[in-house]
Amino acid sequence: MPINRFRNGLKHQGQLTPYLALLKAHYQHDNLNSLMCKSTLSVDWQGFLYDCDFNQMLQLPLGAAHRSPCHITDIDLNALTQQPITVDEHCFGCTAGQGSSCGGALK
Ligand code: SF4
């Protein structure tokens, strides 16, 4: 997953751009239904919500594109199902090859 320390290591070695291109080239549409962000949430120690563990580590909160970070005390389960998932280029790490999640490969 090209985030934080691993991302910095790739960048330091001049491998970040090729690695991201490799992930994009191995995108598998079939992985989309199994992504952990489709069925789970991540909650930080202060109660703020994220679409997944990776987004939490990147401080990309649930609903980042539309409003301020969502706290667990404000959660609206009906609205949650309509809300877009916060994504960025690291998400290609989940959709490449056999897929990736906090539990390992998706397939
Ligand atoms: S990194 Fe992106 S694709 Fe992967 S689980 Fe999180 S939001 Fe979903």
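**Legends to the close-up views**

**View 1. Contacts across the chain.** In the protein chain, half of the picture is long-range: among contacts with a separation of 6 or more, 50% join residues 24 or more positions apart, two residues being in contact if their C-beta atoms, placed from the backbone, lie within 7 Å. The model shown is predicted, so that local features need pLDDT of at least 70 and side-chain atom pairs count only at pLDDT 80 or more, while totals for chains, interfaces and linings use all residues. Residues are numbered from 1 along each chain as its sequence is written.

**View 2. Order of the elements.** The protein chain holds five helices and two strands, where helices (H or I, at least four residues) and strands (E, at least two) are DSSP runs, numbered from the N terminus. Read from the N terminus, these elements follow the order α-α-β-β-α-α-α.

**View 3. Confidence along the chain.** The mean pLDDT of the protein chain (the predictor's confidence in each residue, from 0 to 100) is 90, with 95% of the residues at 70 or more. Confidence is highest in helix H2 (residues 16-25), at a mean of 97, and lowest in helix H4 (residues 77-80), at 83.

**View 4. Surroundings of the ligand.** The residues around the ligand, each with its C-beta atom, placed from the backbone, within 6 Å of it, include Cys-37, Cys-52, His-90, Cys-91 and Cys-94. By class, this shell has nine nonpolar, two polar and one charged residues, with Ala, Val, Leu, Ile, Met, Phe, Trp, Tyr, Cys and Pro counted as nonpolar, Asp, Glu, Lys and Arg as charged, and the others, Gly among them, as polar.
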